[in-house]
Structure formats: C-alpha cells, structure tokens
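Could you walk me through this structure, stop by stop? I have it open in a viewer and would like to know what to select next and what I will find there.

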Amino acid sequence: MTGSQTATRASARPDAVCAAAVDEARAAILDDHVGEHLGVVAEGERLVTHYFACSLPGYKGWRWAVTVARAPRARTVTICETVLLPGEGALLAPSWVPWHERLRPGDLGVGDLLPTPPDDERLAPGYLQSDDPAVEEVNWEIGLGRARVMSRQGRTETAQRWYDSDHGPKAPISVNAPANARCGLCAFYLPLAGALRQAFGVCANLYAPDDGRVVSVDHGCGAHSEVLVETTAPVDELPTVYDDGEVEPVAVDEVSPVDDQRSADEERSADEE
Ligand code: SF4
C-alpha cells in the first residue's frame, strides 16, 4: 500500500475515530525513523491499523504498523501495539534452514556436540543382518558390538570424499611426487581395517604432511620410505695444483743406508760415555 490511502480488510470500513488518530498512532512509535503515513486498514469493529514508512537503514520496504482501538461511544483511542512489518519487496532474511542442513565439514568446534539423527542414512544398526559382507565383517571385528555402524552408503560417501580430498591421488603433493612413491608401497602406510582397507590407510611418517591422516593407497609424497636420492658431487673434482712460486727448493745430500747406520751407532756410544 502506498500513499495515504485508506483500505479495508474483509470489506470492513475503518472506524472513523480510529482512522483519524494518525498523530496518536505516530506518537506511539518510540523511534526516530518514522516516515509518511501510508494508510489505514480496518482490522475489526473500532479496531484499525495505521501504517507508516520506515527509514531505518537496512529496512528497505519495511513499515511501522500501529494498531489502535476505541471502546463503544468513546471519542479517544487506545494504542494496542506497534510493530515493524515487512511490506511488498521488503528486504528479508533468507528462509530458515535447519541447523543440521547448515553444518559444513569443519564446523564442529572444541566441546561441541553433534548428535546424529535416528534416520541418518550413513548409519545402520550394528546387529543388522546385511547382504553386505563388509557390514558383517565390521560386526565381527568389534566384538562387544556397537548400537550402529556405518551403512554401505555412509562408507561409499566417505571413501569418495577422502579420495577427492588433499589426501588422495590428485593432491598437489601427490602429483609432484615420483610416480613410484605411492602410499601403498610405503613402509609408513598403515592400512585401515574393514571394508576400506583396500583403498585407505593412515600415514605414520613424522616428516610427511599427511602424518596421522587417512591417505588413499595411490596417494604419495616425497617422504616415501623407499625414495632414493642419487648422491652426486655438486662440482667436478679438479686435480691438486701446487703453487711452487712460493716454495723455496732446498738441496739435500743423499745418505746411504750404511752411512746412516754408522752415524747412529756413533751417536749411541757417545751418549753411553
Ligand atoms: S610418507 Fe608419504 S608415501 Fe608414505 S604413507 Fe605417508 S604420505 Fe604416503
């Protein structure tokens, strides 16, 4: 509704006294962002709602609504309520989305609780007699049993998510690693138990970025246990060169072994005397 026109609801005519109480209705709005009077709507007998434009920042298309009423034969009106309502084309918040549909991976914080709904399709009862051997295998492995285990759908979705993640074969660190440096052939690769064993394991290499994470069997990195780096001398080794320009040559007499022994004997007898 635009302008100061008068409208009726369900063919009721607005009460004349209530419809004339524009100033009283305006005064009832305890806010400074009140614009022009947009109109009045009959809500019932001696009961009308006045609409005023709203100039609040961020409330484009919203209207102040003030409902007034009067008692039979009374000439004064009473304010029933004031409220801010969205008009046609009003800027509105997005429609409500349940919290479990808004959650994204990584939203869970320290101390948060994330209950799974009873009909979570990723889970199946632990006692279920399944046609899936993997489920039966899990039931056997757990021994004491759990109320629920992952369903085939849950495991399939999980496997695909892990495979497409930064711990799968298309991760940059994997693509740039040597072709034969795959996790499945690495000593640091600890295969998972159960149905996902064929495709996933945990990296246990302290120096690898994936340490402690689930990696696919065809993921890889440069810290692979069998990666061998060819060791080559960084520069060619040159022959030793002596700078004899700084060396003073000294001539020595050549001494025969007999003369050498004789002089040693003479020295010894001189010492004994
Ligand atoms: S060290 Fe590298 S190749 Fe080995 S398991 Fe970890 S991520 Fe895979």
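Begin with the whole protein selected: of its 273 residues, 19% count as buried. What you see is a predicted model. Seven helices and 10 strands make up its list of regular elements. Now look at the contacts between residues at least 6 apart in sequence: 52% of them join residues at least 24 apart.

**Colour by confidence**

Next, colour the protein by pLDDT. The mean is 82, and 78% of the residues reach 70 or more. Where is confidence lowest, and where is it highest? The low end is strand 1, residues 5–7, with a mean of 46, while strand 10, residues 214–216, is at the high end with 97. Select residues 1–8 as well: the pLDDT is below 50 over this stretch, which still has 20 contacts in the model beyond near neighbours in sequence. Where pLDDT is low, the predicted coordinates should not be read in detail.

**Strands 2, 3 and 4**

Now select strand 2 (34–44) and strand 3 (47–54). The two run antiparallel and are joined by seven bridges. At the end of strand 2, find Gly44, whose bridge partner in strand 3 is Leu47. Together these strands form a hairpin with two residues between them.

Click on Arg46, which sits in the loop between strand 2 and strand 3. Its phi is near 55°, a positive value in a residue other than glycine. Is Arg46 buried or exposed? Arg46 counts as buried because it has 20 C-beta neighbours inside 10 Å.

Keep strand 3 selected and look at what surrounds it. Six of its eight residues are buried, so strand 3 is largely enclosed by the rest of the structure. Add strand 4 (62–69) to the selection. Strand 3 and strand 4 pair in the antiparallel sense, over seven bridges. One pair to pick out is Val48 with its bridge partner in strand 4, Val68. While you have these strands in view, remember that in a regular strand the side chains alternate between the two faces of the sheet.

**The largest nonpolar core**

Which residues have the most contacts inside the largest nonpolar core? Select Cys18, Ala21, Val48, Tyr51, Trp64, Val66 and Val68; the core has 16 residues in total. Strand 2, strand 3 and strand 4 each supply at least two residues of this core.

Centre the view on Val68. Leaving aside its neighbours within four places in sequence, Val68 has contacts that include Cys18, Ala21, Glu24 and Ala25. Also among them are Val48, His50, Val77, Thr78, Ile79 and Cys80.

**A contrasting arginine**

Move on to Arg73, in the loop between strand 4 and strand 5 (78–86). Arg73 has a positive phi of about 65°, although it is not a glycine. With 6 other C-beta atoms within 10 Å, Arg73 is exposed, whereas Arg46 counts as buried.

**Strands 8, 9 and 10**

Now jump to strand 8 (residues 189–191) and strand 9 (residues 200–203), which run antiparallel and are joined by three bridges. Pro191 has Gly201 as its bridge partner in strand 9. Then add strand 10, which pairs with strand 9 in the antiparallel sense over three bridges. Here, select Val202 and its bridge partner in strand 10, Val214.

Just before strand 8, look for Arg182, in the loop between helix 6 (172–175) and strand 8. Arg182 counts as buried, with 20 C-beta neighbours inside 10 Å. Which residues is Arg182 in contact with, leaving aside its neighbours within four places in sequence? They are Val217, Asp218 and Gly220. Select His219 too: Arg182 and His219 are 37 residues apart in sequence, and their C-alpha atoms are 5.6 Å apart in space.

**The ligand**

For the last stop, show the ligand and the 15 residues around it. Which of these come nearest? They are Cys183, Cys186, Cys203, Asn205 and Cys221. Colour the shell by class and you will find 10 nonpolar, four polar and one charged residues.

Conventions
Residues numbered from 1 in each chain as written. Predicted model: local features only at pLDDT ≥ 70, side-chain atom pairs only at ≥ 80, totals over all residues. Near = placed C-beta within 6 Å. Nonpolar A, V, L, I, M, F, W, Y, C, P; charged D, E, K, R; others polar. pLDDT = per-residue confidence, 0-100. Helix = DSSP H or I, 4+ residues; strand = E, 2+ residues; numbered from the N terminus. Contact = placed C-beta atoms within 7 Å. Buried ≥ 20, exposed ≤ 12 C-beta atoms within 10 Å, placed from the backbone. Core = buried A, V, L, I, M, F, W, Y, C linked by C-beta atoms within 7 Å. Pairing = 2+ DSSP bridges.
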